[in-house]
Amino acid sequence: MTHFLTKKSVTTRRKLPFAILSSAALAAVLALSACGTEAKDAAASTSTTAAETNTDTAAETTAAAEPATTDDAAAADEVDEATSAVREGAQKMKDETAKFQKALAANDDAQVKALSGSINDVWLSYENTVRNQFPLLYTEVEKYEMPIFSASAYDKTDYASLTDHAEKLQGALDNLLTAKKTSAAASEVLAQAVTGYETYVREQTDRFVEETQVFADAVKAGDIDKAKAAYTTSRAYYENIEPIAESLGDLDPKIDARLPDVESEEQWTGFHRIERSLWEDGSLEGQDKYADLLMTDVKALQAKVSELKLEPEAMVAGAMELLNEAATSKITGEEETYSHTDLVDLAANVEGSKAVYFAIIPALNDGHQELADQLDQQFQTMEKTLSQYNKDGRYALYTDLKTEQIRELSDQLSQLSELMSQTAKIL
């Protein structure tokens with residue numbers, strides 16, 4: 001699973017001054033791209049008609065059109081310059097990733113760590129331009145770049161996972177090299193992004209079912225150590241998609257209820273029922289039936305997710321509510337009462353919310369760039385804070401945190417939730 005180990009410092013985040021379009025300029029580019037052809041056709045038609053009836057009028061029409069043509073050319077030059085910057089950055093990043101792949105093939109730990117940092121440095125130099133110009137491709141590159149950079153923070157190197165991420169990153173960069181500015185309206189791009197988020201949810205759900213099956217099998221086999229490890233992994237995938245799961249009827253309480261959430265213990269099923277047996281009782285006796293029920297419920301969830309259709313407003317509202325819950329109740333340690341693996345849940349909640357943020361970037365680019373920048377910075381701050389408690393892919397237990405550390409996490413989650421609430425108002 002993907003952990004929030006990225007250490008992109010806010011202070012090192014750089015923008016290319018010539019390549020970043022202002023909100024107004026970007027809106028103008030979108031408008032020109034969408035209707036530039038129609039405007040030029042209309043102008044040509046008007047000019048031709050005027051020429052047939054009055055040469056002077058035709059001259060005036062031509063003169064009046066010239067300033068607009070100059071503005072169009074200036075806007076086009078700005079877009080071309082930005083696109084050139086993106087392609088230059090993508091090629092540099094591909095070159096560094098190729099070196100990274102060679103280091104992986106040679107099992108060279110030192111080079112792998114060094115190059116994961118240099119790949120991130122290149123990405124920092126132009127990622128904001130990509131976010132503004134090609135928001136959908138931005139999410140693809142970021143998705144594979146983040147875990148590669150995370151490798152620099154681990155003592156142990158997961159060569160198989162990094163090899164897969166590097167290959168996919170190269171594919172995303174290939175797409176970026178040939179990308180052209182879309183002529184679609186912002187609403188159309190947003191619709192495409194929402195479709196992409198639906199795909200993300202389905203992928204996460206499929207992985208959730210796979211990992212929960214590993215967990216259930218370990219429970220039924222009586223293997224406590226394997227079940228504990230699989231519990232944490234499978235839970236993270238669920239927490240990534242929790243806003244969606246909570247909207248699909250009574251499956252969330254069946255899968256994720258805690259003992260205080262049910263009227264009687266006889267009604268209690270799901271992960272946390274087995275969690276108590278693993279960490280408090282130290283025995284899996286009698287848990288087979290709960291493992292089977294859990295698999296029935298997660299497969300039912302998978303079936304519902306396969307037919308999922310989302311709207312941007314509902315998507316953002318779910319992420320906002322999830323962050324609110326994380327900041328006020330999950331941060332108290334109530335979620336993982338017995339295992340104390342609450343930081344895994346919090347990191348996964350943030351990751352799932354960031355996927356929503358990625359999806360709505362097209363809408364934010366259209367006149368709300370400052371909010372996009374604030375969200376981007378706040379996610380980085382949150383990731384950096386969480387990374388302090390992660391060593392080699394394992395988060396510290398909640399019980400190991402000090403009061404001031406818990407308060408810091410809560411405050412940062414609240415700030416994220418507030419920013420996400422502003423996006424809900426825009427949508």
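Helices here are DSSP runs of H or I at least four residues long, strands are E runs of at least two, and both are numbered from the N terminus. What you're looking at is a predicted model, where local features need pLDDT of at least 70 and side-chain atom pairs count only at pLDDT 80 or more, while totals for chains, interfaces and linings use all residues. Residues are numbered from 1 along each chain as its sequence is written, and side-chain values use heavy atoms, with hydrogens and water left out.

**View 1. T83 sits in helix 2.**
Helix 2 covers residues 55–105. Is T83 buried or exposed? T83 has a relative accessible area of 11%, so it counts as buried (under 20%; exposed is over 50%, partly exposed in between, with a 1.4 Å probe and protein chains only). Skip the neighbours within four places in sequence, and T83 is in contact (heavy atoms within 4.5 Å) with Q133, F134 and A179.

**View 2. Helix 3 packs with helix 5.**
Helix 3 takes in residues 109–133 and helix 5 residues 159–177. Their axes are 13 Å apart and the angle is about 30°; axes are lines fitted to C-alpha atoms over the stretch in contact, and angles run from 0 to 180 degrees between N-to-C directions. That angle makes the two helices roughly parallel, a label for angles under 35 degrees. The crossing is left-handed, meaning the near helix is turned anticlockwise from the far one by less than a right angle. On the helix 3 side, look for D109, V112, I119, Y126 and V130; they meet Y159, L162, L169, L173 and L176 of helix 5.

**View 3. Y126 and Y197 are among the best-connected members of the largest nonpolar core.**
Such a core is a set of buried Ala, Val, Leu, Ile, Met, Phe, Trp, Tyr and Cys residues joined through side-chain atoms within 4.5 Å. This one has 103 residues, and Y126, Y197, F215 and L301 touch the most other members. Helix 13 (residues 342–365) gives the largest share, 15 residues. Beyond four places in sequence, Y197 touches I244, L310, M315, G352, A355, V356 and A359.

**View 4. I244 lies in helix 8.**
Helix 8 spans residues 242–245. I244 counts as buried because its relative accessibility is 5%. Which residues does I244 touch, not counting those up to four places away in sequence? They are Y197, V201, L308 and L310. The C-alpha atoms of I244 and V305 are separated by 8.2 Å, with the two residues 61 apart along the chain.

Technical notes
Angles under 35 degrees count as roughly parallel, over 145 as roughly antiparallel, 65 to 115 as roughly perpendicular and the rest as oblique.
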